[in-house]
Amino acid sequence: MTVTIDVDLGDAIGAVPRRLFGSFVEHVGRAVHTGVHEPGHPAADARGFRRDVLDLVRELGPTVVRYPGGNFVSSHRWEDGVGPVAERPTRLDPAWHSVEGNEFGLHEFVAWAREAGVEPMYAVNLGTRGIQEAADVLEYCNHPGGTTLSERRRANGADEPFGIRLWCLGNEVDGPWQVGHKTAAEYGRLAAETARLMRMIDPDVELVVTGSSNAEMPTFGAWERTVLTHTAALVDHISVHAYYQEHDGDVDSYLASGAAFDRYLKATASIIDDTLAELALAKDIGIAVDEWNVWDQRHWNEVEQPRLRSGPPRKHPRVIEDTYTVTDAVVVGSLLNTLLRNVDRVTVANLAQLVNVIAPIRSEPGGPAWRQTTFHPFRAAAAHARGTSVRTTVTGTPIRTAQHGPVDPVDAAATVDERTGGVAVFLANRSTAAATDVRLSLHGGRFTLADAHTVTVPPGATRHAANTEHSQPVEPVPLTGAHPLPHPEGTTISVTLPALSW
Ligand code: AHR
């Protein structure tokens, strides 16, 4: 099959926000404990930060990391995670049926974020707590000094304010599973009052109000309208959470998940526009996709969660340590493409999560850390998608899917970096059966081919090939055979994409 892809370098969608390549560290399972933090591990530094994991985080290249939850945050007391470690309380974490020892808390997170070179993004508890506690943690973090809370931060070792800019007003409050679940009206009022007070304490904060937990929520749409009616004047972003999985071996639909993601983002954007118009508010509200990934939630809901809840709560149990395949990597790559094609509306996006729990990086207690398959598309996009995202047009026989209808056989996104003149093109071949010949035409400039790599099924393996602690066969390999063709006023590159490849 031959597919033509036209990339119009003059047809800008928008600037690629650096925050598009964010991630997420929650107190769940082994994300924090034995993930980013493991005192006594041979690779740990004096603070217990695993340097092997930090090296992989830096290589992955996330720009902003959300913390401390997730579902965890909705019953979390931020004060538990500050002060001398030996004096910190041990608490039940009802969200994840666990015990939290708080050995890693706010100061450790900010220090770790600095080491990792990422911007911290902090979520406040609007489940069991409210306006005052949100204001308190903000004052503790960002007020320079001279008040009880800011002096407490200084006494705890941080003389300078943390200067955290990006704050989430709760998490998945629309979900009945959430501790402190609320109706849209209840949450909208609480979020508005919290936002108002937080802005009085620090006018420079950027606030993310909670949108829907997924596009299938019965309240999706109505939730956003009501919440924004209360908060639009006070917030900067509204969140979207989106997780995708393969259902019943329907790999074609799974590989087309980006189509559903795209509809979800566009629907959210229209609701934002309608609500702002109704309120006669002349401002922009961005979409913060502050959790997205592929995740086998059926396994979590039907197998892991019942098993977890049948025993006593324990410290950092092994949960949701999904092992990702080549197929998952191609889906993650195409979800990144979806984000790149929506940069006119998406301001922040966080791959959920970063280490061990549905994560591109895995680590074993006392053992090694390694790259999952999904590490590779994220790393490449974070490294190369710079400057402006430009429109791509794909022409070829569509793939018909049961869940999402017809989709492009090759999923495409492209960016042009005005500073360097570099163009990056990201392609996902959704065909599992055959290699696809692509004629890629770049309009608006003549280019040489600098580099072409692919993540695909290793020789002799299947689409289920995965990386484990012992071997990591799935990694980027040079995409051979790509070559420029004569073109009168641009550049055409002929390239063959292996079956199921990114
Ligand atoms: O990322 C795992 C969980 O998924 C988060 O805690 C929650 O917000 C979402 O349901």
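In which sense do β18 and β19 pair, and over how many bridges? The two strands are antiparallel and are joined by 8 bridges. This report describes that hairpin and its surroundings in a predicted model.

## The β18–β19 hairpin

Within the antiparallel pair formed by β18 and β19, Thr-415 has Ala-424 of β19 as its bridge partner. The connection between the two strands of the hairpin has 4 residues, and Gly-421 adopts a positive phi near 80° there.

Strand β19 is largely enclosed by the rest of the structure, because 7 of its 8 residues are buried. A residue is counted as buried when 20 or more other C-beta atoms lie within 10 Å of its own.

## Domain division and contact

The protein chain is divided into two parts: domain 1 takes residues 2-9 + 389-497, and domain 2 takes residues 10-388. Their centres, taken over C-alpha atoms, are separated by 30 Å. To the contact, domain 1 contributes 39 residues and domain 2 contributes 45 residues.

On the side of domain 1 that touches domain 2, at least two residues each come from β1 (2-15), β15 (388-395), β16 (399-401), β18 (410-417) and β19 (422-429). Strand β18 gives the most to this side, with 6 residues. By class, the same side of domain 1 has 17 nonpolar, 12 polar and 10 charged residues. Both strands of the hairpin described above are thus among the elements that supply this side of domain 1.

## The surroundings of the ligand

The residues around the ligand are Glu-26, Val-28, Gly-69, Gly-70, Asn-71, Asn-171, Glu-172, Glu-291, Ala-352 and Gln-353. Sorted by class, this shell has 5 polar, 3 charged and 2 nonpolar residues.

Two members of the shell, Ala-352 and Gln-353, are joined to each other by a cis peptide bond with omega near 5°. Gln-353 is located in the loop between β12 (346-351) and β13 (361-363). Another cis peptide bond links Tyr-67 to Pro-68, with omega of about 0°. Pro-68 belongs to the loop between β3 and β4.

## Strand β7 and its partners

Strand β7 (residues 166-169) is covered on both faces. Leu-166 and Cys-168 are buried on one side, and Trp-167 and Leu-169 are buried on the other.

Strand β7 pairs in the parallel sense with β6 (residues 119-124) over 4 bridges, and it is also parallel to β8 (residues 206-209), to which 4 bridges join it. Trp-167 takes part in both pairings: Tyr-122 stands opposite Trp-167, and Leu-207 is the bridge partner of Trp-167 in β8. From β7 the chain reaches β8 by way of helix α5 (residues 184-201), in a β-α-β crossover that is right-handed.

## A three-stranded open sheet

An open sheet of 3 strands is arranged in the order β4-β5-β11 with mixed pairing. Its edge strands are β4 (91-93) and β11 (314-315), each of which pairs on one side only. Strand β5 (residues 98-100) and β11 run in the parallel sense and share 2 bridges. In this pairing, Ser-98 stands opposite Arg-314 of β11.

## Loop residues and backbone angles

Several loop residues adjoin the strands named above in the chain order. His-97 lies in the loop between β4 and β5, and it has a positive phi of about 50° although it is not a glycine. His-97 counts as partly exposed because 17 C-beta neighbours are found inside 10 Å, a count that falls between the limit of 12 or fewer for exposed residues and that of 20 or more for buried ones.

Ile-320 is placed in the loop between β11 and α10 (326-341). Ile-320 is not a glycine, yet it has a positive phi of about 50°. With 22 C-beta neighbours inside 10 Å, Ile-320 is therefore classed as buried.

Glu-87 is situated in the loop between β3 (64-67) and β4. Only 7 other C-beta atoms lie within 10 Å of Glu-87, so this residue is exposed. From Glu-87 to Asn-102 the separation is 15 residues in sequence and 9.7 Å in space, C-alpha to C-alpha.

Note on methods
Residues are numbered from 1 along each chain as its sequence is written. This is a predicted model: local features need pLDDT of at least 70, side-chain atom pairs count only at pLDDT 80 or more; totals for chains, interfaces and linings use all residues. A residue is near a molecule or strand if its C-beta atom, placed from the backbone, lies within 6 Å of it. Ala, Val, Leu, Ile, Met, Phe, Trp, Tyr, Cys and Pro count as nonpolar, Asp, Glu, Lys and Arg as charged, and the others, Gly among them, as polar. Domain bounds come from an automatic or database domain assignment. Two residues are in contact if their C-beta atoms, placed from the backbone, lie within 7 Å. Two strands pair if DSSP finds at least two bridges between them. A crossover is right-handed if, with the strands pointing away from the viewer, the path from the first strand over the helix to the second runs clockwise.
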